[in-house]
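Work through the exercises below with the sequence and the coordinates open. Try each task before you read its solution.

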Amino acid sequence: MDVKDLEYVNDLLEQDNELREKIKDEVAELDKKTRTMSGLLNRIHSTPAEQMPALLGQVKPVLESCRTTTAAIANVVPPTQFWRWKDMWTNSLRSAVFAATMVGYLETGTLLTLPQVRDVLGIDPQWSDRYALAAEDYLHGVISLVNELSRLAVNAVTMGNFEEPIKISTFVKDIFAGFSMLNLKNDPLRRRYDSLKYDIKKIEEVVYDVSLRKLAPSRNQAS
Amino acid sequence: MSDTTNTNLGSRDAILSVFEGFRDELDDHNDRRERLIKHSRDVTNLSKKIIFLLHRIMTDDASEGSGDGGGVGVGGGGVGDRSRALKAASKGREKLREVQGMFANVRHELTGDRFWRYQRQVSPGLQEYIEALSFAHYLETGKLIGYEEVQKSLSDDQGAPYFPLPLEDYLLGLSDLTGELMRYAISAISRRGGRTKAQDVCVFVRNCRADFEVWTPYFKDLRKKQNVTSQSLEKIEDAAYAIMVRSSEYDLSPDMLDDIVARTVSFEHGNGSGRKRGRDYEGEDGPDE
């Protein structure tokens, strides 16, 4: 290869490496935050309903601080190269989606939409070719939410909260109905979707237990 | 966050309508992905045909301008071979324009951030194209084609690229060239003047291997390709060695030497499949498919 071409290739490589290092630093930040949040959110399984707002009060500042990291990543990624580097932060981003939707569920009992999650995480839709929340990543985050709620259904009962499993059951079934509409091909999302039925089964068993023993209010009368 | 709660997905209907949107988005993505995979396969096929065409012209005894049997003499083959190479290159380029047209046709699928999303689907065909292009370029100039020239070949008349050429595909495409050059050198050896040519190729491939070695940490596929290059290089070296031994051992005329070499080569290649060079193709291209 000509010396000129050799240098050209080496320059390109050098630039890519610098960029990769920069992104890596920012992603490490995001990673740190999502780990803190999943640590905190792990406590929902041992937090009674009346103390939940206090716990969420601890999570929300961290969630909001993701905005700066998001902006920092969006700033280093060159235009049109979003998908080129995305693999570097996909996992962290999915955990962040999980945290956001979990907080959303615990506060309002509903599912945050993709644009709402984007808002929470401070992802500007105008950055779409540098940093965006892809449908796939949102859906992965939502599946993590369902995984975690199946645990919460069990642990809520342990803490004497018999209504929560019933709420969770309706919520999760709606989400499952949504996922059933997708034409998934054989990819990780498909495999995780397949795992949802075990979560539903687990939740249903809890609902069954509390209903039979008339521990849960209201719904029994209807059926 | 609480000010957006009223638009939350509180009912099943709301959730279903949102997921309908996801379904369309995912379907769109998967369909495009499939189209690009198919496109890439077509590009690969045509590029392989071009490579065969180049080999064919270079070994076609009847082709005009051939120095064979015409007493051009040792070290030559010169004029005949040169014009043959140029003819091959120009025929190859003609066909390569068809491939370039195919890339132009999918340009609209790869605009903006989409290119990098589907880079993995585009990549196999792109590498095969670069292999064919660089082979034609080598026959024409005896050099390795530069990154910018490859990118230019994938640009419209105004010089706007159809998509950015990934460094990785460029290097991996070039790395495949060494395998073609091995075939080229081995089949050339049996021809008059082929030994010089084999020597040239040998030096060239050795340099390629040395140049590429420093980049292996950056691209994991390059490591594998380097191993293939090493094997190709060894085949050329062995052939060159065989010739050297024979020509030093016997004090024979170049014509006689050529006969001996012809026998060496037919031994090297005679035990493959019926098809000429068949064994080498299977060996190298298998994992790509």
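What percentage of the contacts in chain A with a separation of 6 or more comes from residues 24 or more positions apart? The share is 75%. Two residues are in contact if their C-beta atoms, placed from the backbone, lie within 7 Å.

Some conventions come before the rest. This is a predicted model, in which local features need pLDDT of at least 70, side-chain atom pairs count only at pLDDT 80 or more, and totals for chains, interfaces and linings use all residues. Residues are numbered from 1 along each chain as its sequence is written, while chains are lettered from A and ligands numbered from 1 in the order in which they are written.

**Exercise 1. Describe each chain by its elements, burial and contacts.**

Step 1. Take the elements. Helices (H or I, at least four residues) and strands (E, at least two) are DSSP runs, numbered from the N terminus. Chain A has nine helices and zero strands. Chain B has ten helices and zero strands.

Step 2. Take burial. A residue is buried if 20 or more other C-beta atoms lie within 10 Å of its own, exposed if 12 or fewer, and partly exposed in between, with C-beta atoms placed from the backbone. In chain A, 35% of the 223 residues are buried. In chain B, 33% of the 289 residues are buried.

Step 3. Add extent and contact range. The C-alpha trace of chain A spans about 80 × 40 × 25 Å along its principal axes. In chain B, residues 24 or more positions apart supply 72% of the contacts with a separation of 6 or more.

**Exercise 2. Analyse the packing of α4(A) and α5(A).**

Step 1. Get the geometry. Helix α4 (residues 90–108) of chain A packs on helix α5 (residues 114–121) of chain A at an angle of about 105°, with axes 10 Å apart. Axes are lines fitted to C-alpha atoms, for helices over the stretch in contact, and angles run from 0 to 180 degrees between N-to-C directions.

Step 2. Classify the angle. Because of this angle, α4(A) is roughly perpendicular to α5(A). Angles of 65 to 115 degrees count as roughly perpendicular, under 35 as roughly parallel, over 145 as roughly antiparallel and the rest as oblique.

Step 3. List the residues. α4(A) contributes A96(A), V97(A), A100(A) and T101(A), and α5(A) contributes V117(A), V120(A) and L121(A). They divide into six nonpolar, one polar and no charged. Ala, Val, Leu, Ile, Met, Phe, Trp, Tyr, Cys and Pro count as nonpolar, Asp, Glu, Lys and Arg as charged, and the others, Gly among them, as polar.

Step 4. Follow one residue. Beyond its neighbours within four places in sequence, V117(A) is in contact with V97(A), A100(A), T101(A), L112(A), L133(A) and Y138(A).

**Exercise 3. Locate the largest nonpolar core and its main contributor.**

Step 1. Define it. A nonpolar core is a set of buried Ala, Val, Leu, Ile, Met, Phe, Trp, Tyr and Cys residues joined through C-beta atoms within 7 Å.

Step 2. Size it. The largest core has 112 residues. Those with the most contacts inside it are A99(A), A100(A), V117(A), L181(B), A185(B) and I236(B).

Step 3. Find the main source. α6(B) gives the largest share, twelve residues. Helix α6 (residues 167–189) of chain B reaches 34 Å from first C-alpha to last, close to the 33 Å expected for its 23 residues at 1.5 Å a residue. That expected span is 1.5 Å times one less than the number of residues. α6(B) is mostly covered, with 21 of 23 residues buried.

**Exercise 4. Characterise the side of chain B that touches chain A.**

Step 1. Count. 29 residues of chain B are in contact with 33 residues of chain A.

Step 2. Assign. α1 (12–59) and α3 (114–117) of chain B each give two or more residues to this side. α1(B) gives the most, with twelve residues.

Step 3. Sort. This side of chain B holds 13 nonpolar, eight polar and eight charged residues.

**Exercise 5. Compare the settings of T80(A) and K214(A).**

Step 1. Read phi. T80(A) has a positive phi near 65° and is not a glycine. K214(A), also not a glycine, has a positive phi of about 55°.

Step 2. Place them. T80(A) is in the loop between α2 (52–76) and α3 (82–85) of chain A. K214(A) is in the loop between α8 (188–212) and α9 (219–222) of chain A.

Step 3. Explain the classes. T80(A) has 17 C-beta neighbours inside 10 Å, so it counts as partly exposed. K214(A) has 9 C-beta neighbours inside 10 Å, so it counts as exposed.
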